[in-house]
Amino acid sequence: MQHDKILILDFGSQVTQLIARRVREAHVYSEVHPCDVTSEWVREYAKDGCLKGVILSGSHASVYEVDDRAPDAVFELGVPVLGICYGMQTMAQQLGGKVEGSHQREFGYAEVRARGHVDLLKDIADFTTAEGHGMLKVWMSHGDKVTELPPGFKLMASTPSCPIAGMADEARHFYGVQFHPEVTHTVQGQAMLNRFVLEICKARPDWVMRDHIEEAVQKIREQVGDEEVILGLSGGVDSSVAAALIHRAIGDQLTCVFVDHGLLRLNEGDMVMEMFEGKLHAKVIRVDASELFLGKLAGVNDPEAKRKIIGGEFVTVFKQEAAKLKAGGQGHKGATFLAQGTIYPDVIESGGAKSKKAVTIKSHHNVGGLPEQLGLKLLEPLRDLFKDEVRELGVALGLPPEMVYRHPFPGPGLGVRILGEVKKEYADLLRRADAIFIEELRNFRDEASGKTWYDLTSQAFTVFLPVKSVGVMGDGRTYDYVVALRAVQTSDFMTADWAELPYALLKKVSGRIINEVRGINRVTYDVSSKPPATIEWE
């Protein structure tokens, strides 16, 4: 099935992914590509007739200082174009307008007056002034501004310090906004993007995960044929959904390798085996490598060194198992594919780093490397999906929602939630304390919303502190370890606020941990937001 699509050209903004996610939330397929693609590439991309519109992202650069332009073909295809921040500025400059540095920079909340009653903003407003002007609560982030409209454009929005905060050429369906509709701080942002994508571009809202299963299964079967596939199953959402999807497509041609590094949550290894081997009847090889990992981590305190050891050992153990499967025997003819749970943000960030347009935030273990080392072809069935889409797909495939909607868990596991040196004793204490915290988050409901506090928090976990404090239990003195509880709320994980958990919940968790986990006598709560803190402690 061919889907209508929106092309997003990335000029290097840190929030370009959010544009694509908002478009997908309107059930329209979107793709992000670097802004330096050629006009020939754009015409080829549009050749199948599915391209319904183009969005130009923001950037940290100035249009008059860099050569980053939208390919000319973007404005010649006859499809609507939306420029956001830098995207509006390059649209203005390329089409005959003027952009200059602003004496007053705008970063953060702003109120924009909508003007001209254009299609993009018609009947969209947060409030109306006494004079009858429609106003929008938006998020600005710019130091330059359009000072002269291109021919054919009219004023669409303004602020006192940015007289041209939006512009429109209704005849060609070209629009530019100086603010960021993709971020949640712009209250009507989703409404604006929905208007652009669904009404102005007239894209069909046919990007639905339940329907996507059939397409994905067919694609996997065509790619794999009668060959065999190995998948590294971590128990995380991405690898679990990839495993379920591939198993739906090719059944026993898939073998999962589950490497237990001894730093998983309480009973997690058994739960993974029960789900995939017990309920889905998939072939899973479980490798208990806990002693190996803990041995390698002995005496290591540096967080980055711990990550490298855990990542390196995981690859070594997985390669050993993969080599056995690749060799064949015991009814196997030998695996030729390596499946990975790569998702679309991994692809975008890695691609952005290569194109030098985006400021690189982090590298991703899933993109590149391992397939070449193993001499296997690569199968990445989730590489077009965002995390929320992966979760939807997982539920549609029959995985339990409590597994699919679990909070994020780092690849190194408890190795980076035990501060300093990792010891088995610490991991065992932390596992039990963390399980109590999560259990009580699932038990406690917020009266106003009716939701559990697990659902109201984006990520929650316990951190083991390698310090001891004095305590009293019964008539005796204790000298035991300290743990910190961490719970945050966020929409994008780029920023996060600490969750204001009810005192009754914190009291219950603290009491249970101290009474049930011998070796811990003090529980603290982390009230740091991101920034300046990070979500994880290491």
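# Exercises on a predicted protein model

The secondary structure of the protein chain comes to 16 helices and 19 strands, and the model in which they are found is a predicted one.

**Exercise 1.** Work out which radius of gyration a compact globule of 538 residues would have, and set the value for the protein chain beside it.

*Solution.* Begin with the rule, in which 2.2 Å is multiplied by the number of residues to the power 0.38. With 538 residues this gives a radius near 24 Å, and because the protein chain has 26 Å, its value agrees with that of a compact globule. To complete the picture, add that the C-alpha trace spans about 80 × 65 × 40 Å along its principal axes, and that buried residues make up 55% of the 538 residues. Finally, turn to the contacts between residues at least 6 apart in sequence, of which 75% join residues at least 24 apart.

**Exercise 2.** Find how far helix α4 reaches from its first C-alpha to its last, and compare this with the span expected at 1.5 Å a residue.

*Solution.* Helix α4 covers residues 189-200, which is twelve residues. The expected span is 1.5 Å times one less than the number of residues, which for this helix comes to 16 Å, and the reach of 15 Å in the model is close to that. Next, consider which of its residues are buried: Gly189, Met192, Leu193, Arg195, Phe196, Val197 and Ile200. It helps to recall here that an α-helix has 3.6 residues a turn, so residues three or four places apart point the same way. Just after α4, Lys202 takes a positive phi of about 55°.

**Exercise 3.** Decide whether Gly236 and Ser239, two residues of the annotated binding site, are buried or partly exposed.

*Solution.* Start from the record: an unreviewed UniProt entry carries the annotation "binding site" for Ser234, Gly235, Gly236, Val237, Asp238, Ser239 and Ser240. From this set, Gly235 is taken in by the lining of the second largest pocket. Now place the two residues, with Gly236 in the loop between β11 (228-232) and α6 (237-250), and Ser239 in helix α6 itself. The cut-off for buried is under 20% relative accessible area. Gly236 has 27% relative accessibility and therefore counts as partly exposed, whereas Ser239, at 8%, counts as buried. As a last step, list the contacts of Ser239 while leaving aside its neighbours within four places in sequence, and the result is Leu231, Gly232, Leu233 and Ser234.

Conventions
Residues are numbered from 1 along each chain as its sequence is written. This is a predicted model: local features need pLDDT of at least 70, side-chain atom pairs count only at pLDDT 80 or more; totals for chains, interfaces and linings use all residues. Side-chain values use heavy atoms; hydrogens and water are left out. UniProt positions are given in the numbering used here, feature names are shortened, and annotations may be inferred rather than shown by experiment. On a 1 Å grid over the protein atoms alone, a cavity is a set of points where a 1.4 Å probe fits but cannot get out, and a pocket is an open set with protein on both sides within 12 Å along at least five of seven lines; lining residues have an atom within 4 Å of a point. Helices (H or I, at least four residues) and strands (E, at least two) are DSSP runs, numbered from the N terminus. Buried means under 20% relative accessible area, exposed over 50%, partly exposed in between (1.4 Å probe, protein chains only). Contact means heavy atoms within 4.5 Å.
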